[in-house]
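Dear colleague,

I am handing over the structure we discussed, with the sequence alongside. My notes on the fold follow below it.

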Amino acid sequence: GRKGGREEGRKGGSVVPARRMSHLLQPEGLVGRKSAEFKRLVDALPYGGFTGAIILAEVGDEAAADLACAQLVSSASKCGAIVLGFDTETRPVFKRGQPQNPICLVQLASGSVAGLFRLYPGLPLPKALRLLLEDDSVLKVGQDALKETVQMAALWEMMPRGILDAHHFVAAAGSRCGGVAGMGAAFLGLRIAKSQSTTNWEAPQLSEAQMRYAATDAWVCREAYRCSEAARLERCYADRPQLFLSREVRELNAVKATLYELVRQVEASCKASSKRHTCL
């Protein structure tokens, strides 16, 4: 009877894993970048991107890496706290089930300078780049930045510090659109071209279009973060209300996010408790 009660309780919903509740706690009003709705929302926006100086450091070019890092810090420090946009690129995979290729390019950007660092697994990171990535006094803001830093840690036995995943401030601001293209639209009022995303990032020589695209991805992350500050964000709400959730929906999504995190914590605690009893 007790066993049946437990099974009934689980089926009845008294213990529901986070993965089963995720659809109930999904945020409302969000729009995917590839959806027709997103295209409609950004159709009237002008195309734009990074227009500053780009410094390319090829594999093993320590001098170019030194110059890029120095210029990045110098240009970013003019705005007070040092904040850089962060991104990486890999050679795309087109066959389902094929493993992802390793990171071959790291991009960092200030408002006026972008550093592109070409990398190769098995070869050490440029010393200046490694020091900059490990410097927790320099904030590095990127889309899916935490996942990319884990990949870097596995490839080069280092862990970037001072990392902020853009997801956090994008969600807090109530943007309906995620990703670099969504941030560009909502926070900067720009359409960000993504046609270069599936090009060969391991090519012997990067094209001007590739370099401009890579620099733009990092730059958008930084500029969107700066626009998420309260005073600037109110201007974004006023200028592009169609790209942001209403205050009521933002508050509802915040509650859902809190509940989902609690469910995950309870599930983790139950799993840990179950393992302890099994060991006993």
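In which sense do strand S3 and strand S4 pair, and over how many bridges? The pairing of S3 (residues 103–109) with S4 (residues 113–118) is antiparallel and runs over 5 bridges. Please bear in mind that this is a predicted model.

The two strands form a hairpin, with 3 residues between them. Within this pair, Leu108 has Gly115 of S4 opposite. S3 also pairs with S2, again in the antiparallel sense, over 6 bridges; there Glu89 faces Leu105 of S3. As for exposure, S3 is mostly covered, with 7 of its 7 residues buried.

These strands belong to an open sheet of 6 strands, ordered S1-S4-S3-S2-S5-S6, and the pairing in the sheet is mixed. Strand S1 (53–57) and S6 are at the edges with a single partner strand each, so one side of each has no neighbour in the sheet. On average, neighbouring strands are turned by 25° against each other, direction ignored.

Two helices should be noted with the sheet. Helix H7 (residues 166–173) lies across strand S5 (139–142) and S6, and runs at about 45° to S6. Helix H9 (residues 208–227) packs on the sheet and touches S1, strand S2 (83–90), S3, S4, S5 and S6. The direction of H9 makes about 140° with that of S2.

One residue in the edge strand S6 deserves a look. Asp165 is located in S6, which covers residues 163–165. Is Asp165 buried or exposed, and which side chain of opposite charge is nearest? Asp165 is buried but has no salt bridge; the nearest side chain of opposite charge is that of Lys147, 8.5 Å away. The cut-off for a salt bridge is 4 Å, so the 8.5 Å to Lys147 does not qualify. What the side chain of Asp165 does reach is the backbone nitrogen of Asp144, at 3.4 Å. Apart from neighbours within four places in sequence, Asp165 is in contact with Gly142, Gln143, Asp144, Ala145 and Leu146.

For the chain as a whole, the secondary structure amounts to 11 helices and 6 strands. Of the 280 residues in the chain, 42% are buried. Among contacts between residues at least 6 apart in sequence, 69% join residues at least 24 apart.

Regards

Conventions. Residues are numbered from 1 along each chain as its sequence is written. This is a predicted model: local features need pLDDT of at least 70, side-chain atom pairs count only at pLDDT 80 or more; totals for chains, interfaces and linings use all residues. Side-chain values use heavy atoms; hydrogens and water are left out. Helices (H or I, at least four residues) and strands (E, at least two) are DSSP runs, numbered from the N terminus. Buried means under 20% relative accessible area, exposed over 50%, partly exposed in between (1.4 Å probe, protein chains only). Lys and Arg count as positive and Asp and Glu as negative; His and the chain ends are not counted. A polar contact is a pair of N or O atoms within 3.5 Å; within protein, one must be able to donate a hydrogen and the other to accept it, and residues adjacent in sequence count only if both atoms are side-chain atoms. Contact means heavy atoms within 4.5 Å. Two strands pair if DSSP finds at least two bridges between them. Axes are lines fitted to C-alpha atoms, for helices over the stretch in contact, and angles run from 0 to 180 degrees between N-to-C directions.
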